[in-house]
Amino acid sequence: MRVFNFSPGPSMLPLEVLQEAQRDFLDYNGTGMSIAEMSHRSKDFMAVNAEANALLRELMHIPENYSIIFVQGGASQQFAAVPLNLMNKGRADYLVTGNFASKAFEEGCKFGDAFCAASSKDKKYTYIPDVDTIKFRDDIDYVHLTSNNTIFGTRFTKFPTVDAPLVCDMSSNILSEEMDVNKFGVIYAGAQKNIAPSSLTIVIVRNDLINNPLDICPTMLRWDTQVKNESLYNTPPSFSIYIAMLVFRWLKKMGGVPAMQKINEEKAALLYDFIDNSSFYTNSVVVKDRSLMNIPFVAPSDELNDKFVKEAAKNGIVAIKGHRVVGGMRASIYNAMPIEGVKSLIEFMKKFELENK
Ligand SMILES: *Cc1c(COP(=O)(O)O)cnc(C)c1O
């Protein structure tokens with residue numbers, strides 16, 4: 001039986017996509033072999049790579065002056081790749097709004113004068129700083145931010161206006177709502193939340209930011225290496241790129257990002273409304289900064305949180321335990337989570353509340 005999987009990542013994939021991958025697993029496109037067994041230089045895989053790239057460009061309206069690359073190493077590797085490709089003046093500002101943002105900042109500090117221009121640590125990362133009042137430094141290479149904070153359940157709904165390029169870790173909300181790519185110099189995302197199995201990382205970079213890496217930047221981390229070679233400098237995560245292509249086709253069929261955003265807003269509203277109207281469950285994120293993708297909440301005690309997680313699993317609601325630094329529960333409701341999953345979670349929450357009040 002399939003369960004509703006609320007894992008923060010790797011996370012649910014659309015059932016249709018899994019079924020299609022299963023059908024084609026032993027014999028892709030009449031080749032007599034699996035895509036997992038196929039050379040990344042073969043005609044069939046090159047077509048997959050090109051289609052995935054083109055569909056992402058279409059879905060996110062990525063302008064011609066940006067390149068898309070598919071690499072390995074996770075979003076975490078881009079924490080280092082960003083300064084190594086961009087820190088020519090040796091200065092960058094960071095917005096530290098959560099765990100991953102903080103890791104990116106620490107990595108930036110290794111390569112130059114990275115500065116924390118704003119942080120929400122004072123209130124346990126339960127809000128996003130007001131982007132209009134942040135004082136950025138002059139003469140910086142970039143500003144780094146994390147559009148959606150996966151662990152704490154916050155998201156930027158407005159981005160700062162600065163002269164320096166904005167670099168955005170979009171791992172946990174890429175393709176979930178409309179974003180104007182033109183606002184960013186670089187967008188990167190690990191695929192395992194909204195796009196594909198783990199091992200694929202997507203980097204979208206404006207072309208004027210590609211060709212000036214630091215001398216010490218390893219060949220594999222240089223964006224120009226990947227752009228020149230159409231992500232085939234070395235063996236790419238080919239199976240994940242194939243699943244990404246299927247997910248992009250599915251997204252397009254669903255009506256693209258605007259249609260997805262509507263469903264995501266509806267799903268999140270159902271859960272937030274239920275939590276806000278309950279005297280049993282709490283979400284402590286500032287309302288205007290709440291994530292559409294990751295919704296942390298707690299029951300009245302640690303014992304009840306533990307009990308909730310255990311009993312939920314028996315009811316087909318799995319991987320809902322919160323991150324250890326926040327505790328409680330976290331419902332990750334990415335694009336592939338159907339609205340039925342959220343409704344089923346709410347039904348369980350009602351039942352659990354009645355039984356444990
Ligand atoms: C999951 C996540 C990461 C880490 O991604 P990896 O691919 O595991 O390195 C980084 N940033 C954000 C916002 C995330 O949600």
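In which strand does R155 lie? The answer is strand β7, which covers residues 154-155. The model in which this strand is seen is a predicted one. R155 is a convenient place to start, and the path from there leads to a loop, to a set of aromatic rings and then to the ligand.

R155 has a relative accessible area of 11%. Buried means under 20% relative accessible area, so R155 counts as buried. The side chain of R155 reaches the backbone oxygen of R290, and the distance is 3.0 Å. R290 also takes part in a second contact: its side chain and the side chain of N283 are joined by a polar contact of 3.2 Å. N283 belongs to the loop between α7 and β11. With a relative accessible area of 8%, N283 is buried. The side chain of N283 has a further partner, since one of its polar atoms lies 2.8 Å from the backbone oxygen of P296. Following these contacts, the reader can go from R155 to R290, from R290 to N283, and from N283 to P296.

The loop that holds N283 also holds F280. A pair of aromatic rings is described by the distance of the centres and the angle of the planes. For F280 and F352 the centres are 6.3 Å apart and the planes meet at 65°, so this pair is edge-to-face. F280 sits in the loop between α7 (256-276) and β11 (294-297), while F352 sits in helix α9 (residues 339-356). The two residues are 72 apart along the chain, and their pair links distant parts of it. F280 has 5% relative accessibility and therefore counts as buried. F352, at 1% relative accessibility, counts as buried too. Both belong to one aromatic cluster, whose members are F274, F280, Y281, F297, F308, F348 and F352.

The structure has 18 aromatic pairs in total. One of them is formed by Y94 and Y142, with 5.8 Å from centre to centre and 75° between the planes, and this pair is edge-to-face. Y94 lies in strand β3 (residues 91-96) and Y142 in strand β5 (residues 142-146), so the pair ties together parts that are 48 residues apart in sequence. Y94 and Y142 are both buried. A ring can also have a charge over it, as with Y127: K123 lies over the face of this ring, at 5.6 Å from the ring centre.

Next comes the ligand. How many residues surround the ligand? The number is 13, and the closest are S76, T150, D169, Q192 and K193. By type, the shell divides into three nonpolar, eight polar and two charged residues. Helix α3 (residues 74-86) gives the most to this shell, with four residues. Several side chains come up to oxygen atoms of the ligand. A polar side-chain atom of S76 is 2.6 Å from a ligand oxygen. For K193, an N or O atom of the side chain is 2.7 Å from an oxygen atom of the ligand. For Q192, the distance from a polar side-chain atom to a ligand oxygen is 3.0 Å. Taken alone the ligand exposes 380 Å², and the protein buries 87% of that.

Some loops deserve a separate look. Is T133 buried or exposed? At 53% relative accessibility, T133 counts as exposed. T133 lies in the loop between β4 (113-119) and β5. Its C-alpha atom is separated by 9.1 Å from that of P160, a residue 27 positions away along the chain.

Backbone geometry gives the last points. A cis peptide bond joins G9 and P10, with omega at about -10°. P10 is in the loop between β1 (4-5) and α1 (15-23). H61 is a residue other than glycine with a positive phi, near 50°. H61 is placed in the loop between α2 (43-60) and β2 (66-71), and at 60% relative accessibility H61 counts as exposed. S231 also has a positive phi, near 65°. Its place is in the loop between α5 (223-228) and α6 (238-253). With a relative accessible area of 3%, S231 is buried, whereas H61 is exposed.

Note on methods: Residues are numbered from 1 along each chain as its sequence is written. This is a predicted model: local features need pLDDT of at least 70, side-chain atom pairs count only at pLDDT 80 or more; totals for chains, interfaces and linings use all residues. Side-chain values use heavy atoms; hydrogens and water are left out. A residue is near a molecule or strand if one of its heavy atoms lies within 4 Å of it. A polar contact is a pair of N or O atoms within 3.5 Å; within protein, one must be able to donate a hydrogen and the other to accept it, and residues adjacent in sequence count only if both atoms are side-chain atoms. Accessible areas come from the Shrake-Rupley method with a 1.4 Å probe; for residues, only the protein chains shown count as cover. Ala, Val, Leu, Ile, Met, Phe, Trp, Tyr, Cys and Pro count as nonpolar, Asp, Glu, Lys and Arg as charged, and the others, Gly among them, as polar. Rings of Phe, Tyr and Trp (its six-membered ring) pair if their centres lie within 6.5 Å; planes under 30 degrees apart count as stacked, over 60 as edge-to-face and the rest as tilted. Buried means under 20% relative accessible area, exposed over 50%, partly exposed in between (1.4 Å probe, protein chains only). A charge sits over a ring if NZ of Lys or CZ of Arg is within 6 Å of the ring centre and within 35 degrees of the ring normal.
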